[in-house]
Amino acid sequence: MATDAPASLSCDRDYDFIVRSIPDGATFRASAECLQNHSEVFANMFECHVRPPAAERRPDGEDDVLSLDEPAATIQVLLRLLHTVPPGASPSPSAPHAPGPSPGGAPAIPFPLLPPLFALADKYMLSGPIVQGLCASLAAYTSEQPLRVYAYAVQFGLRDLAAEASSWLLLQPLAAYTPEEVAVIPTVRAYHQLVQLHAFRISRLREVLQGEPIFPHGYGECAKHSRETQLLWEQQKRSVIAEIHAGTNVAAEMAKLSANVAGCPACSKAFRAAVEMLNYKCGKIPRGIDRLPSI
């Protein structure tokens, strides 16, 4: 069967080797140097597969053939990965990314391809730059598909990325996900960590809001509107506490009352100070599973 080079390769090495699919019989041209440099498994294979000098090689080319027990489609994807380092290989996989493009403006690897690519990276012990590139592509989808990114990050042992994805999962209650959606999380423990994170944040947000007065120790209290402003503040607190979830921006919810006190400089100043203090205190509450206190 005619050999084919993996599509879209940017490797500057010569395709001087053949990789054959045992199940399909298909063959693919490859760079022996790329295979050895980017895969510990292939490096070990080449140690056992001693290639004779060019003048002594068999005319049928079998000296330059490595047979793998993988389908042709899998080998093609694997070779593309080995010959082309994915975009975003340099940055840390724990850094937050916007969805879509990977760092540097290069397009991220399509999301459905990432799980099988990670599986191949693990099976063939691919090099750090390749794994970093895969991580960067996965991280690029964190805000777009936080639940699936969290699930894959847990599955592939990417702790920093799992923590980053868990913070994006605060945007809606866990109960909003269907059983089928939650089923992508690979372990009960990983799901339980999300439950703990949401429960802890809800408890702390309520506690912080409940304890925040509009006039702390009478400071900044308005002699004319004190009672009305305090009632307004307490009513809004009760309303927010009743609807609070793990991702609620408590300070922003309380700030919605600012127009009600805009006519009084003293009350308006006290109101701004109270909202700013809420924002500060709530900002210290953990947003990721990596920051949860020991329970």
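How many of the 10 residues of helix α7 (residues 159-168) are buried? The legends below describe a predicted model, and the first view takes up this helix.

**View 1. Helix α7 is largely enclosed by the rest of the structure.** Seven of the 10 residues in α7 are buried, so the helix counts as largely enclosed. The buried residues are L161, A162, A163, E164, A165, S166 and S167. Their cover includes α5, α6 (146-155) and α9.

**View 2. Y150 sits in the largest nonpolar core.** This core has 58 residues. F42, L138 and Y150 have the most contacts inside it. Beyond its neighbours within four places in sequence, Y150 is in contact with A162, A165, S166 and L169. The contact list of Y150 also includes I185, A190, Q193, L194 and I289. A second core is separate and has 24 residues, among them W233, V261, F271 and V275.

**View 3. V275 is placed in helix α12 (residues 265-283).** Is V275 buried or exposed? Its relative accessibility is 13%, so V275 counts as buried; the cut-off is under 20%. Leaving out residues up to four places away in sequence, V275 touches W233, A251, M254 and A255. V250 lies 25 residues from V275 in sequence. The C-alpha atoms of V275 and V250 are 8.7 Å apart.

**View 4. Helices α9 (residues 188-210) and α10 (residues 226-243) cross at roughly 175°.** Their axes come within 10 Å. An angle over 145 degrees counts as roughly antiparallel, and α9 and α10 are therefore roughly antiparallel to each other. From α9, the residues R206, L209 and Q210 take part in the contact. They meet K237, V240 and I241 of α10. By class, this contact has three nonpolar, one polar and two charged residues.

**View 5. Helix α3 (residues 72-83) agrees with its expected span.** With 12 residues at 1.5 Å a residue, α3 should span 16 Å. The end C-alpha atoms of α3 are 16 Å apart, which agrees. Buried residues in α3 are A72, I75, L78, L79, L81, L82 and H83. An α-helix has 3.6 residues a turn, so residues three or four places apart point the same way.

**View 6. M125 has a positive phi in a loop.** The loop runs between α4 (114-123) and α5 (128-139). The phi of M125 is about 50°, although M125 is not a glycine. Most residues other than glycine have a negative phi. At 40% relative accessibility, M125 counts as partly exposed.

**View 7. D14 lies in the segment before β1 (17-21).** Its relative accessibility is 63%, so D14 counts as exposed; the cut-off is over 50%. Which residues is D14 in contact with, leaving aside its neighbours within four places in sequence? They are A30 and S31. C34 is 20 residues from D14 in sequence. From C-alpha to C-alpha, D14 and C34 are 9.6 Å apart in space.

**View 8. The protein chain has 12 helices and three strands.** The chain has 295 residues, and buried residues make up 42% of them. Consider the contacts in the chain with a separation of 6 or more. Residues 24 or more positions apart account for 68% of these contacts.

Conventions. Residues numbered from 1 in each chain as written. Predicted model: local features only at pLDDT ≥ 70, side-chain atom pairs only at ≥ 80, totals over all residues. Heavy atoms only, no water. Core = buried A, V, L, I, M, F, W, Y, C linked by side-chain atoms within 4.5 Å. Buried < 20%, exposed > 50% of the residue type's maximum accessible area, 1.4 Å probe, protein only. Contact = heavy atoms within 4.5 Å. Axes fitted to C-alpha atoms, helices over the stretch in contact; angles between N-to-C directions. Helix = DSSP H or I, 4+ residues; strand = E, 2+ residues; numbered from the N terminus. Parallel < 35°, antiparallel > 145°, perpendicular 65-115°, else oblique. Nonpolar A, V, L, I, M, F, W, Y, C, P; charged D, E, K, R; others polar. Expected span 1.5 Å × (residues − 1).
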